[in-house]
Amino acid sequence: MLTGRDARQTSQVSCNIRRCLKSSMFKRILVANRGEIALRILRACRELGIETVAVFSEADRGAAYLELADEAYCIGPPRPSESYLRIDRIISAAEIGNVQAIHPGYGFLSENAQFAEVCRSCQIEFIGPSHEAMALVGDKNAARKLAREVGVPTVPGSEDLLRTEREAILLARKLGFPVLIKAAAGGGGRGMRVALTEDALRNAFQQAQAEAEAAFGDGAIYLEKYVEHPRHVEVQILADLHGNVVHLWERDCTVQRRHQKLIEESPAPRLDPATRKNICEAAVRLMKAAGYTNAGTVEFIVDRQGNFYFIEVNARIQVEHPVTEMVTGIDLIKAQLRVAAGEPLPFQQEDIQIRGAAIECRITAEDPEANFRPSPGRIEQLFIPGGFGVRFDSHVHAGYTIPPYYDSMIGKLIVHQPTREEAIACMKRALKELRIVGVKTVIPRHLEILNHTAFGEARLDTTFVERTWPSSG
Ligand code: MV4
């Protein structure tokens, strides 16, 4: 296995080679994704004068957003495993389409280090980190070790992977319960297990190992003290191929349900200036040490005392990137394309400042009255809000049918205002204007959250949604 130091060296070497191979912006790229994020990337390419090749599954054939690409190729049946996850088919489309680079978007192959490696071995640039850096941060235990090496706070826990149940029990006695077992190959809440007692830990150890083996083909697990009632704060990073790494401040994504984020905002409320600076600088330190390039996110949890702990790195552009774009004025997709093409970052850390407050609500076709059951189907009517500071990132239109095979994202409603209070008022106004007829949506639940005193006062932790609406938890 790679240690932090080895990976740092290998990714540095590949960066140097990549830098020499390129000097100008891509002429033509492939977008290896669908829906909202595919459209977001196609739009950025159009503005930069980059030609585009889109790919689609049979379920997405004829989708309107595909018209915005210069070419589009079918890559297989509806199921992701037979289309958007098929490396061979995407590479074939890239070769037929004669592209110089591939943007993976989020989800699907976006954090697949093997895909990034295959792209580069086919002389196609992968718009994301080097496969070495991706593999390093994708190993949650290795990322945690690297964080400790460079003085980034981590949750107290095992120094390395757990070998035996006995080791887990002894450590948990020392740390105190509850503890959390996590899969090294997991992330985003997958492969996590809380243990409140020694007996529970014995079971959790076996189960977590077996589950991780089944889900990721890798049973490696580690242990952490369980931090109760945390907030989720993440730092946006941009890094070029010339050694420049900057942060674009933080987002708060505390409002989640079963690890699905509902609302994200920037800046994070109730973060004192000293902590904000420390957390952002810690994120930069970690990504520098990982030899990370392009856009990425460093995720932290913040406990009730305001202590922050590194959790994991997301080696991709994230769903919630627009809130950072609104407050910093930086187009993250354009920045990804530019740094992947070898351009140096056009700004320094001091140039990146936060203006106002931005909030994003994820609008999904789910029924909040029925345990957030997916509600795919035809959108009969659609009225999209506008006005000062309102942005709706979406690929849908009246008459569009949301297929049942993928996430149920309809779009992302984003507002930007001078203050958080005004952003909340603006979001409520925009949510009430947004009219979607034909499918059930989470809009009513968003309004309930925004009207809640705890949200207005930003007195939140990650259990807020499931505590407040237990039937939907
Ligand atoms: C934790 C934690 C508390 N203690 N680790 C969840 C997603 C993944 N990125 C890591 N996550 C967490 N790790 C320790 N040691 C709390 C979370 C967490 C969470 C847990 C339960 C319910 C919602 C959550 C939302 C964000 C983070």
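Here a biologist and a modeller talk through a predicted model and the definitions behind its features.

Modeller: Residues are numbered from 1 along each chain as its sequence is written. In this predicted model, local features need pLDDT of at least 70, side-chain atom pairs need pLDDT 80 or more, totals for chains, interfaces and linings use all residues, and side-chain values use heavy atoms, with hydrogens and water left out.

Biologist: What makes a residue part of the group that surrounds the ligand?

Modeller: One of its heavy atoms must lie within 4 Å of the ligand. By that rule 18 residues surround the ligand, and the closest are Lys-182, Glu-224, Lys-225, Val-227 and Glu-299. By class, the shell has 7 nonpolar, 6 polar and 5 charged residues. Here Ala, Val, Leu, Ile, Met, Phe, Trp, Tyr, Cys and Pro count as nonpolar, Asp, Glu, Lys and Arg as charged, and the others, Gly among them, as polar.

Biologist: Why is the pair between Lys-182 and the ligand called a polar contact?

Modeller: A polar contact is a pair of N or O atoms within 3.5 Å. A side-chain N or O atom of Lys-182 is 2.9 Å from a nitrogen atom of the ligand, so the pair meets the cut-off. Glu-312 brings a polar side-chain atom to 3.2 Å from a ligand nitrogen, while for Lys-225 a backbone N or O atom lies 2.8 Å from a nitrogen of the ligand.

Biologist: How much of the ligand does the protein bury?

Modeller: Taken alone the ligand exposes 530 Å², and the protein buries 92% of that; the areas come from the Shrake-Rupley method with a 1.4 Å probe. Strands S6 (179-187), S8 (221-225), S12 (294-302) and S13 (308-314) each give two or more residues to the shell. Strands here are DSSP runs of E with at least two residues, and helices are runs of H or I with at least four, numbered from the N terminus.

Biologist: What makes a space in this structure a cavity?

Modeller: On a 1 Å grid over the protein atoms alone, a cavity is a set of points where a 1.4 Å probe fits but cannot get out, and lining residues have an atom within 4 Å of a point. The search finds 2 cavities of 30 Å³ or more. The largest holds about 50 Å³, and among its 14 lining residues the closest to the centre are Ile-127, Ala-315, Arg-316, Ile-317 and Gln-336. The second largest holds about 40 Å³; its lining includes Arg-34, His-395 and Tyr-400. Each volume is the space filled by probe spheres set on the points, which are joined across faces, edges and corners.

Biologist: How do you know that S1 and S4 pair?

Modeller: Two strands pair if DSSP finds at least two bridges between them. Strand S1 (28-31) and strand S4 (101-103) have 3 bridges in the parallel sense, so they qualify. Ile-29 has Ala-101 in S4 as its bridge partner. The open sheet has 5 strands in the order S3-S2-S1-S4-S5.

Biologist: Why are S3 and S5 called edge strands?

Modeller: Strand S3 (71-74) and strand S5 (125-126) each have a single partner strand, so one side of each is left without a neighbour in the sheet.

Biologist: What joins S6 to S7?

Modeller: S6 and strand S7 (190-195) run antiparallel and share 5 bridges. They form a hairpin with 2 residues between them, and Gly-188 in the turn has a positive phi of about 60°.

Definitions and conventions:
Polar contact = N/O pair within 3.5 Å; in protein donor to acceptor, adjacent residues only side chain to side chain. 1 Å grid on protein atoms, 1.4 Å probe; cavity = no way out; pocket = protein on both sides within 12 Å on 5 of 7 lines; lining within 4 Å.
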